[in-house]
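Me: Please take a close look at one part of this structure, starting from its charged side chains, and then set that part in the context of the rest. I would like careful wording, with each cut-off stated where it matters.

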Amino acid sequence: MDVNIRSHIINNFRDDNVEVLRRAIEESIKEQDEIALPGMGVFLEIIWQGADEELKTKMLSIIEKRIKSN
């Protein structure tokens with residue numbers, strides 16, 4: 001069975017608005033839902049591909065800071 005997680009996640013959220021996206025992200029984080037991790041990775045990939053260098057640097061800084069504080 002060939003499953004394309006990226007396509008599935010993108011198609012699953014394709015018609016949703018920002019409120020639905022926000023709720024999905026916040027609920028996944030709040031519930032520490034391990035099953036949602038691949039979807040969160042797809043979201044990060046989408047953001048990364050659309051980000052300029054300034055935003056990428058800011059994101060990396062946030063990730064580094066949060067990892068070191070945990």
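**Charged pairs in helix 4**

Reply: Lys-56 and Glu-53 are both residues of helix 4, where a separation of three residues, about one turn of the helix, lies between them. A helix here is a DSSP run of H or I with at least four residues (a strand is a run of E with at least two), numbered from the N terminus. What you are looking at is a predicted model, in which local features need a pLDDT of at least 70 and side-chain atom pairs count only at pLDDT 80 or more, whereas totals for chains, interfaces and linings use all residues. Residues are numbered from 1 along each chain as its sequence is written, and side-chain values use heavy atoms, with hydrogens and water left out.

The side chains of Lys-56 and Glu-53 meet in a salt bridge at 3.8 Å, N to O, the criterion being a side-chain nitrogen of Lys or Arg within 4 Å of a carboxyl oxygen of Asp or Glu. The two partners fall into separate exposure classes: Lys-56 is buried, with a relative accessible area of 16%, while Glu-53 is exposed, at 56%. These labels follow fixed limits, with buried meaning under 20% relative accessible area, exposed over 50% and partly exposed in between, using a 1.4 Å probe and protein chains only.

Further along helix 4, Glu-64 and Lys-68 form another such pair, with their closest N and O atoms 3.1 Å apart. Because Glu-64 and Lys-68 are four residues apart in helix 4, about one helical turn separates them. Glu-64 has a relative accessibility of 45% and so counts as partly exposed, whereas Lys-68, with 64%, counts as exposed.

How confident is the predictor in helix 4 (residues 53-69)? Confidence in the chain is highest there, at a mean of 98, and lowest in helix 1 (residues 5-13), at a mean of 95, where pLDDT stands for the predictor's confidence in each residue on a scale from 0 to 100. For the chain, the average pLDDT is 94, and 96% of the residues score at least 70. As a general caution, predicted coordinates should not be read in detail where pLDDT is low.

To place helix 4 in context, the search of the whole structure finds four salt bridges. One of them joins the side chains of Glu-45 and Arg-6, at 2.8 Å from N to O. That pair links distant parts of the chain, with Glu-45 in helix 3 (residues 37-50) and Arg-6 in helix 1, 39 residues apart. Both ends of this bridge are partly exposed, Glu-45 having a relative accessible area of 26% and Arg-6 one of 47%.

As for the overall architecture, the chain has four helices and zero strands, which read along the sequence as the pattern α-α-α-α. Its C-alpha trace spans about 35 × 30 × 30 Å along the principal axes. Of the 70 residues in the chain, 14% are buried, and Lys-56 in helix 4 belongs to that buried class, with its 16% relative accessible area.
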